[in-house]
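Q: I'd like to learn how to read a few features in a protein model. Can we go through them with the structure open?

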Amino acid sequence: MINVTRSSMPGYHEYCEEIKDLWDSRWLTNMGSKHKELETNLKDYLKCENLKLYTNGHLALENILELMDFPKDSEVITTPYTFISTTHAIVRCGLTPIFCDVNDSDYTIDVNKIENLITDKTVAIMAVHVYGSLCDVEAIKKIADKHNLKVIYDAAHAFGVSYKGVSSACFGDASMYSFHATKVFHTVEGGAVTFSNSDYENVFNTLRSFGTDSNGEITKVGGNAKMSEFHAAMGICNLRHIDEEINKRKTISEHYDSKLKNISGITLMCKQKDVQPNYIYYPIVFDGYKYTRDEIFVKLKENGIMARKYFYPLCNDVQCYQGLPNFDKSKTPIAERIANNVLTLPLYSDLDLCIVDKICGIILE
Ligand SMILES: *Cc1c(COP(=O)(O)O)cnc(C)c1O
């Protein structure tokens with residue numbers, strides 16, 4: 001069976017070597033030496049000044065909102081075309097998500113539709129870099145500056161992506177990365193925040209560790225979101241191989257491109273100008289093709305190939321939010337159309353090109 005993704009791992013001995021000294025130090029979590037080393041290495045790789053590691057991406061996102069300390073019931077403009085984590089983070093922090101539609105070229109927030117949604121309760125824009133395509137960061141900054149809003153990016157898909165040579169970690173007030181096992185770079189479970197204001201550093205430290213500040217005083221109602229030494233060690237190893245990982249994915253993506261381009265009724269992900277991508281996913285959108293997305297999904301499955309309907313359903317169409325007035329998928333018709341017609345094909349660094357041929361054969365047959 002071929003799954004939509006398969007986690008990359010360092011060599012067994014490389015990881016064992018990396019964790020060996022933990023048997024001497026017995027320092028297994030709470031910002032030990034592996035944690036420090038990975039933070040430093042990631043700041044280098046992502047070319048950013050401020051970065052904090054997290055136990056996962058979701059809690060990192062919640063901590064960004066907690067740090068900003070918005071009044072309850074404030075509104076955050078976001079998109080429904082994302083993983084449910086983005087929406088849940090807003091709601092779990094006592095805020096109201098207001099859904100903006102996406103554009104149909106790269107599935108990120110449609111910047112022309114943001115301003116209409118701004119009210120006197122709006123405090124932030126939480127935009128999502130989708131499939132490694134970046135949001136229109138310049139337009140978003142202009143709107144946010146004009147209306148005095150914070151900008152937060154869900155950058156879970158954008159590790160290593162840059163725009164005009166500037167790292168995705170440098171846009172907005174803060175960005176969240178996920179280092180979940182299925183992402184391009186991973187620590188098994190893990191994540192990070194990057195941020196522009198270095199004053200935030202102490203607040204993230206405090207929120208991440210039960211609200212305990214640098215003097216040992218409990219100054220915030222914080223949770224526990226620390227990354228362990230074993231997870232950090234996995235990150236140190238994986239980061240050594242990240243360029244090779246992305247290059248292999250590039251080769252596979254280009255092979256898909258060569259088979260699926262110029263097919264009437266199949267839209268490939270757009271190649272953004274001035275953006276260096278990371279090839280995290282290979283989505284295709286069916287639009288007037290001879291078979292529907294669901295028919296292709298079933299056909300692939302019958303052949304042992306597990307593609308994924310990702311993102312589907314939309315975040316404004318999931319069960320737990322049914323009936324809420326701000327959750328109405330008819331208000332985001334482009335996102336709805338993409339969600340109903342998108343299929344993410346298997347993509348991981350050691351995927352054989354023959355399998356890619358087979359997958360494309362099934363789709364095209
Ligand atoms: C993976 C992902 C998350 C959540 O990250 P975790 O590390 O799994 O908590 C959030 N948003 C998007 C878009 C993601 O793909």
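A: Sure, let's start with a sheet: S7, S6 and S11 line up in that order as three strands of an open sheet, with antiparallel pairing. Strands here are DSSP runs of E with at least two residues, numbered from the N terminus, and two of them pair if DSSP finds at least two bridges between them.

Q: Why is one side of S7 and of S11 left without a neighbour in the sheet?

A: S7 (166–167) and S11 (275–276) are at the edges and have a single partner strand each, so one side of each stays free of a neighbour in the sheet. S6 (residues 162–163) is joined to S11 by two bridges, and tyrosine 163 has valine 275 as its bridge partner in S11.

A: A word on the source: this is a predicted model, where local features need pLDDT of at least 70 and side-chain atom pairs count only at pLDDT 80 or more, while totals for chains, interfaces and linings use all residues. Residues are numbered from 1 along each chain as its sequence is written, and side-chain values use heavy atoms, leaving out hydrogens and water.

Q: How many aromatic pairs does the structure hold?

A: A ring pair is described by the distance of the centres and the angle of the planes. Rings of Phe, Tyr and Trp (its six-membered ring) pair if their centres lie within 6.5 Å; planes under 30 degrees apart are stacked, over 60 edge-to-face, and the rest tilted. There are 24 aromatic pairs here. Phenylalanine 195 and phenylalanine 204 make a tilted one, at 4.9 Å centre to centre and 45 degrees between the planes. Tyrosine 321 and phenylalanine 327 are stacked, at 4.4 Å and 20 degrees.

Terms used:
Helix = DSSP H or I, 4+ residues; strand = E, 2+ residues; numbered from the N terminus.
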